[in-house]
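Hello,

Here is the structure for you to look over. My notes follow below it.

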Amino acid sequence: MIRPILACIDPYKTAEEFATAGWNIDFSQPRESGDPLVGVSLCGNSVLLGVTEGYVSDNHIPHIGCGVEIYITVPTVQIQQLYKNHLALKPTKLTVQPWGDKAFEVRIGGYQFMIAAVKENEL
């Protein structure tokens with residue numbers, strides 16, 4: 001299993017952005033812990049939100065997520081509701097892709113996600 005750590009200026013604030021779109025906040029290290037880290041998930045897909053400090057120089061922060069798209073799969077029966085949950089973040093249209101998956105793209109915390117529906121037996 002791959003579980004990326006996404007560099008964020010403020011992982012706690014970024015986690016709130018994910019939560020407003022219906023993602024779960026699985027855990028959150030205390031701010032004073034010295035290890036600012038938040039785990040978020042959607043339909044069994046999870047990412048960690050970490051800090052940019054020490055990982056991304058200030059002049060590269062505008063380029064966070066550049067060239068990367070995180071593809072996650074969700075049950076077909078949930079795709080319509082998940083799309084509605086993400087509307088405030090201005091996703092692309094929910095469409096059938098050339099390869100057959102019904103999907104939409106959305107940018108959260110500077111990172112591009114493609115959220116795609118798959119049949120329950122394919123998860």
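**Sheet, core and salt bridge**

In β7, Ala103 is the bridge partner of Thr95. This is a predicted model, in which local features need pLDDT of at least 70 and side-chain atom pairs count only at pLDDT 80 or more, while totals for chains, interfaces and linings use all residues. Residues are numbered from 1 along each chain as its sequence is written, and side-chain values use heavy atoms, with hydrogens and water left out.

Helices (H or I, at least four residues) and strands (E, at least two) are DSSP runs numbered from the N terminus. β6 and β7 (residues 102–108) run antiparallel and are joined by two bridges; strands pair if DSSP finds at least two bridges between them. They belong to an open, mixed sheet of four strands, ordered β5-β8-β7-β6. β5 (69–75) and β6 (95–96) are the edges, each with a single partner strand, so one side of each has no neighbour in the sheet.

The largest nonpolar core (buried Ala, Val, Leu, Ile, Met, Phe, Trp, Tyr and Cys joined through side-chain atoms within 4.5 Å; buried means under 20% relative accessible area, exposed over 50%, partly exposed in between, 1.4 Å probe, protein chains only) has 28 residues. Trp23, Val40, Leu49, Phe113 and Ile115 touch the most other members. β8 gives the largest share, four residues.

There is one salt bridge (side-chain nitrogen of Lys or Arg within 4 Å of a carboxyl oxygen of Asp or Glu) by this rule. Asp10 pairs with Arg31, their closest N and O atoms being 3.8 Å apart. Asp10 is partly exposed at 25%, and Arg31 is exposed at 53%.

Regards
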